[in-house]
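Let's take a walk through this protein, starting from the inside. Have the structure open and turn it as you read.

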Amino acid sequence: TGVRISGEGENLAIFWKASGTSDSPPPILEPGSPSLQHRWEIFQGILSHTQLFSGSSVLQIGLRPRDAIPLFALGAIALGKASFARVYTPDWGYQALRELGALLAAKGSPDLLRVPRDEDFRQISSDTSASLWLEAGRNEFIRSDVVLALGATLPLALGCLGLGTIGEVVALLRQLATTALVLEWVEPDACREDTGEVPGNFCGLAARREESYSREALLTALNTNFEHIIPSQTGASDIWICVGPKFDDRDKLRITEVPLPIFKSDSEDSKNDFKPISSTGFLWGGAAFTKRVEAADDRLRKITALFVAIKEAMFLKLFAPDFACAPKLLGQQVGRAPPWSLVAMERLHAPDLLSHMRSISMLDDLVELLLASVDLLTCLGHHGVRHNDLWAKNVLVLPRSGDTHTGSSQGNVASSVRLVAIDFEAAELLLPGLYDVHDEALSFGSDGSPLSRARDFLRSVDVRAAELPPLVPNFNLIEGHPSEVTADLWTDRRMLGAVLEHHLLHKPITQEIWKLAQ
């Protein structure tokens, strides 16, 4: 029996041979792509150092799909006799890795593979936004004896964590490593911003950061943060084994939390007051920021440090005036020193996609849901928006009102329900240009396009596009049986289609749904 996990064209097969004894045999690791096989041959010698790995905990950091495939973390267990492994990914990788860990446990290896999110008892809300950042306050839950920062981890950390120099990135990695850091250097061209190598772009290494991304700066940072640096050159990549973290400057690197403003009640009726319903965090530029969600009876507002909330407000504004497939924007606020933002929207009291599917018992209802799904995708495209996070919890099902139009065209066939997407923090414009600084400065007046309307909105709130945090999850996993985990869902159509296919056919939410889908 076995399982396969894949991402960005790379895939790893993990399987077990039958054993005639009561002892559980260790899993066998087989890289399924030439490039991953080549990297496996390179790293086997390093992972076989039992003096480094024996009895140790190992953390593999995966900020993009190919780096999140847990070959090297599990390899440290198989070859180096590590005690267990953690794999840190943003939220997109959580479900697949969690199910892989459960499968390993079912095969007799409990706690062999751990997911940091499950070890954090302070998790307040499961409805967290996908993010490329290490979440605030998570360091103690992912700190391990040996940290593996391989592939594009170093340039992505510099490009996406809001840290100014490669020295700050190495200092952050040092805080996670109790004993050693195994770090791989890749050339800047391998992960430059807007290369197009990865659909939709993982923030990448912006041109303005390239001059600070150099071998010389890296070696200086490694010698500053570790007692012993052991190089291992492999041709295409340079690998360093860094042993003995230094902590003399801990006070200089302490993470500080930036508070959010507290708002006074705007109503004498306590029933209409906003009440907090969730709070989550993320790390940016060495500071821990918080996102707070508050709700009243018919209103909802998000308050975030930086301009995460104002980014969502910008996208909601694009759906005005009808807001056929998005919550109605009620207002926004921006503050500085420190920067924060607020978005207020209507609170939709409606079931999400899965809850609605549980109530379906007739074929007509299922057909209407599928038609409404096409309408949602058409509506998003009509307004120039790619949502990027169309999972079941982010899609609400409402009755269609007579004056609601989505811009779709299904002939004379119409659905009695409509789908509304929520949580646009990770959205993108379908057409590029929002972050073009020169074009932005020269562009005045609106031509009615989504790009022009987005720029007009940002001018109205005095926020530059470059100040919007690039929360863009480009790697998504279908929740479900881990024997086939896919990572290549780059569009809203493929993402929502995969969710529907999964819950209708592969893992039906009810027996009635399965019969109707057949």
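Here is a look at the cores, one helix pair and one single helix.

Keep in mind that this is a predicted model. A good place to begin is the largest nonpolar core, which has 55 residues. Phe319, Leu353, Leu376 and Phe424 are the ones with the most contacts inside it. Helices and strands both feed this core: among the elements giving two or more residues are helices H11 (308-317), H13 (363-382) and H16 (492-506), along with strands S16 (340-346) and S18 (395-399). In soluble globular proteins, nonpolar side chains do tend to be buried together.

Now zoom in on Leu353. Which residues does Leu353 touch once its neighbours within four places in sequence are set aside? The list runs Leu369, Ala392, Val395, Val397, Leu496, Val499 and Leu500.

Two of the helices that contribute to the big core, H11 and H15, are worth a look as a pair. Their axes come within 9 Å and cross at roughly 135°. An angle of that kind falls in neither the parallel, antiparallel nor perpendicular range, so H11 and H15 are oblique to each other. The crossing of H11 past H15 is right-handed. On the H11 side, Ile310, Ala313, Met314 and Lys317 make the contact, and H15 answers with Arg453, Ala454, Phe457 and Leu458.

Finally, head over to helix H5, residues 94-106. Its 13 residues reach 18 Å from first C-alpha to last, close to the 18 Å expected at 1.5 Å a residue. Buried residues in H5 include Tyr94, Leu97, Glu99, Leu100 and Leu104. After H5 comes Gly108, with a positive phi near 100°.

Notes: Residues numbered from 1 in each chain as written. Predicted model: local features only at pLDDT ≥ 70, side-chain atom pairs only at ≥ 80, totals over all residues. Heavy atoms only, no water. Core = buried A, V, L, I, M, F, W, Y, C linked by side-chain atoms within 4.5 Å. Buried < 20%, exposed > 50% of the residue type's maximum accessible area, 1.4 Å probe, protein only. Helix = DSSP H or I, 4+ residues; strand = E, 2+ residues; numbered from the N terminus. Contact = heavy atoms within 4.5 Å. Expected span 1.5 Å × (residues − 1). Axes fitted to C-alpha atoms, helices over the stretch in contact; angles between N-to-C directions. Parallel < 35°, antiparallel > 145°, perpendicular 65-115°, else oblique. Left-handed = near helix turned anticlockwise from the far one by under 90°.
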